[in-house]
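Here is a short report on a two-part question: how is each chain put together, and where do the chains meet?

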Amino acid sequence: MKQLAKEISTKFNELGVEIPIGEIEERLDKMINKFKVPKEEARRSVVNYFLKEYDIKRNEFYSGQSESPQVNISDITEEGRWVNVRGKIVQLWENSHESISQVGLIGDESGTVKFIIWESAAANSVEEGKSYMLRNVVVNEWNGRFELNINKSSSIESIDKDIEVGNTTVDFTGVMVDIQSGSGLIKRCPQCNRALTKGACIEHGKVDGIYDLRIKAVMDDGASVQDTIIKRDLAETLSGMTLESAISLAADALDQGVVLEEMKRSLVGRYYKVSGPRIERYLLAESVEPIFSYEMTQIDELIASAEVI
Amino acid sequence: MAGYTREVARRIFAQEFRESNMTFKDGDDQYAPQYLLTPTGAKVNRVLIVGTLIEKDDIGTESEYWRGRVTDPTGSFLIYAGQYQPEAAQVLAECETPVFVAVVGKPSTYTTAEGDIITSVRPESLYVVDGQTRDLWVIETAKRTLERIKALDSNSPDIQKAKEYYNQEPGHYYSMVSQALRSLNETY
């Protein structure tokens with residue numbers, strides 16, 4: 001009990017308040033020994049009493065003490081944990097609900113994770129490309145993925161350092177089994193760079209789009225499926241079609257769809273190794289290598305394992 | 001749709017596919033996906049086949065309806081493509097046999113008047129590919145099939161169901177795999 005009293009006293013000392021240790025001990029003693037209050041409850045009650053007495057805000061007392069551990073983003077693997085995260089805002093997304101203030105992706109050297117700043121948190125807002133320290137945020141799991149919730153006991157501080165966002169590069173080898181719509185020759189909004197649907201941007205309405213090439217591929221290795229986005233430069237090398245030739249192909253056919261058809265014809269059903277960072281459900285391809293050959297030893301090993309019965 | 005994930009395209013050799021005749025649905029919902037359960041316990045809602053298209057016929061009466069036969073080292077798959085598979089039907093109409101093709105499609109079963117169950121594939125896509133891709137597919141399918149045979153000892157409900165229903169010797173499929181792999185060495 002002496003130790004408990006001392007702890008409380010030092011804590012108040014740090015906040016610049018001198019409380020006679022005897023007084024703390026007396027209160028604790030009454031709670032614990034006379035009224036059989038559990039230690040932790042007694043401690044809380046005593047602290048609350050002195051906080052009120054000296055008119056100190058609860059946050060001030062608790063902020064230093066109940067500091068959440070600082071973690072790397074890749075170490076966020078457990079639901080319900082309170083953590084501090086230092087990272088850079090990689091992306092801000094379309095806000096889908098009025099109770100959400102901001103939503104997006106934050107990254108540090110080890111990887112990226114989704115974050116949600118709730119309206120009720122009344123926290124500072126964040127900007128894309130800037131780095132922040134998020135304190136006291138809680139890890140939640142949704143749809144099999146982790147996300148950080150910034151609520152009213154969390155805080156956001158901007159920091160000056162530019163954090164290098166590590167791309168946890170993944171490799172996926174498999175067959176391209178499909179190319180999704182929204183691939184091939186597309187138009188993007190000149191203001192926000194979003195892909196247009198039927199010539200209109202969901203944010204800016206009817207705009208004069210800028211042509212681009214991309215492939216939203218579905219890769220499949222027989223055990224799992226990986227959606228992959230292949231950007232213009234890689235799409236050009238892979239399909240052997242430049243943006244210019246795609247535009248003229250589409251112009252001749254009076255149909256943008258022929259570009260997608262042509263890409264499907266030359267790519268679907270073939271083996272590739274793609275690698276790049278995985279963001280949400282997509283792998284953003286940084287390299288795509290067609291696979292043509294295999295090792296004879298691989299066959300021999302498989303035969304051996306098929307014939308050992 | 002929340003929680004929706006695309007079905008993986010399973011790799012099955014023609015022999016095993018042909019010997020499969022048990023279908024079931026996951027759940028009672030009318031939109032619940034239908035699966036074909038194979039003797040090695042693969043739960044198949046989508047397949048990927050790379051093989052040689054050796055025959056094709058338009059068997060439709062009013063509109064085009066294509067039947068194709070795609071072979072791998074262990075046998076052949078039947079594929080049917082009509083007006084609801086326009087992309088695949090078009091490629092079938094235009095290509096010359098024999099040719100290497102990659103087919104992604106759904107398994108389907110049909111019961112004949114005699115009570116035999118015929119399995120076939122309804123293609124979602126069908127594209128002409130090259131011989132290397134076909135060989136890579138044989139290797140990959142061998143690998144996946146071996147993984148399934150080795151997992152036959154596990155207690156998963158699907159595997160138990162497959163074992164009870166087909167009552168098949170693993171050796172049967174081990175030799176199918178080794179035959180398929182050996183055929184690759186012969187061609188080289």
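The report goes from overall shape to strands, helices, cores and the chain contact.

**Overall shape of chain A**

This is a predicted model. Chain A has eight helices and 15 strands. Its radius of gyration is 29 Å, whereas a compact globule of 309 residues would have one near 19 Å. Along the principal axes, the C-alpha atoms of chain A fill a box of roughly 90 × 65 × 30 Å. Of the 309 residues of chain A, 27% count as buried. Among contacts in chain A with a separation of 6 or more, 55% are between residues 24 or more positions apart.

**Strands around β13 of chain A**

Strand β13(A) spans residues 271-279. Its pairings with β7(A), β15(A) and β14(A) are listed here.

| Pair | Bridges | Sense | Citation |
|---|---|---|---|
| β7(A) and β13(A) | seven | antiparallel | |
| β13(A) and β15(A) | four | antiparallel | |
| β13(A) and β14(A) | two | antiparallel | |

Individual partners fix the register. A:Thr173 stands opposite A:Lys273 in β13(A). A:Tyr272 has A:Pro290 in β15(A) as its bridge partner. A:Ile279 is bridged to A:Tyr282 in β14(A).

β13(A) and β14(A) form a hairpin, with two residues between them. In the turn, A:Glu280 has a positive phi of about 55 degrees.

A:Leu284 lies in strand β14 of chain A. Is A:Leu284 buried or partly exposed? A:Leu284 has 17 other C-beta atoms within 10 Å, so it counts as partly exposed; burial takes 20 or more. Beyond its neighbours within four places in sequence, A:Leu284 is in contact with A:Ile229, A:Gly276, A:Pro277 and A:Ile279. A:Leu284 and A:Asp227 are 57 residues apart in sequence, yet their C-alpha atoms are 8.9 Å apart.

**Two helices with a buried side**

Helix α5(A) covers residues 232-239, and its buried residues are A:Ala235, A:Leu238 and A:Ser239. Seen down the axis of α5(A), these fall within an arc of 80 degrees, so they line one face of the helix. On the other side of α5(A), A:Asp233 and A:Thr237 are exposed. The buried residues of α5(A) pack against β11, β12 (225-230), α7 and β15 of chain A. Just after α5(A), A:Gly240 takes a positive phi of about 70 degrees.

Chain B offers another case. Helix α2(B), residues 86-94, has B:Ala88, B:Ala89, B:Val91 and B:Leu92 as its buried residues. They cover an arc of only 165 degrees around the axis, which puts them on the same side of α2(B). The face turned away from that buried side carries the exposed residues B:Pro86, B:Ala93 and B:Glu94. Which strands does the buried side of α2(B) pack against? They are β4 (47-58), β5 (66-72), β6 (75-81) and β8 (117-128) of chain B.

An α-helix has 3.6 residues a turn, so residues three or four places apart point the same way.

**A three-stranded sheet in chain B**

An open sheet in chain B has three strands in the order β1-β2-β3, with antiparallel pairing. β1 (22-25) and β3 (43-44) of chain B stand at the edges with a single partner strand each, so one side of each is left without a neighbour in the sheet. β2(B), residues 34-37, is joined to β3(B) by two bridges. B:Leu36 stands opposite B:Val44 in β3(B).

**Nonpolar cores**

The largest nonpolar core has 76 residues. Those that touch the most other members are A:Met176, A:Ile230, B:Ile49, B:Ala81, B:Val101, B:Val103 and B:Leu126. Leaving aside neighbours within four places in sequence, B:Ile49 is in contact with B:Val70, B:Phe77, B:Val103 and B:Val121. A second, separate core of 18 residues includes A:Val83, A:Ile89, A:Leu134 and A:Ile150.

**Where the chains meet**

How many residues of chain A are in contact with chain B? There are 28, in contact with 31 residues of chain B. On the chain A side, β7 (169-179), β11 (210-220), α7 (257-267) and α8 (296-307) each supply at least two residues. α8(A) gives the largest share, seven residues. By type, the residues of this side divide into 15 nonpolar, seven polar and six charged.

Methods. Residues numbered from 1 in each chain as written. Chains lettered and ligands numbered in written order. Predicted model: local features only at pLDDT ≥ 70, side-chain atom pairs only at ≥ 80, totals over all residues. Contact = placed C-beta atoms within 7 Å. Nonpolar A, V, L, I, M, F, W, Y, C, P; charged D, E, K, R; others polar. Pairing = 2+ DSSP bridges. Rg over C-alpha atoms; globule rule 2.2 N^0.38 Å. Buried ≥ 20, exposed ≤ 12 C-beta atoms within 10 Å, placed from the backbone. Arc of directions from axis to C-beta. Core = buried A, V, L, I, M, F, W, Y, C linked by C-beta atoms within 7 Å.
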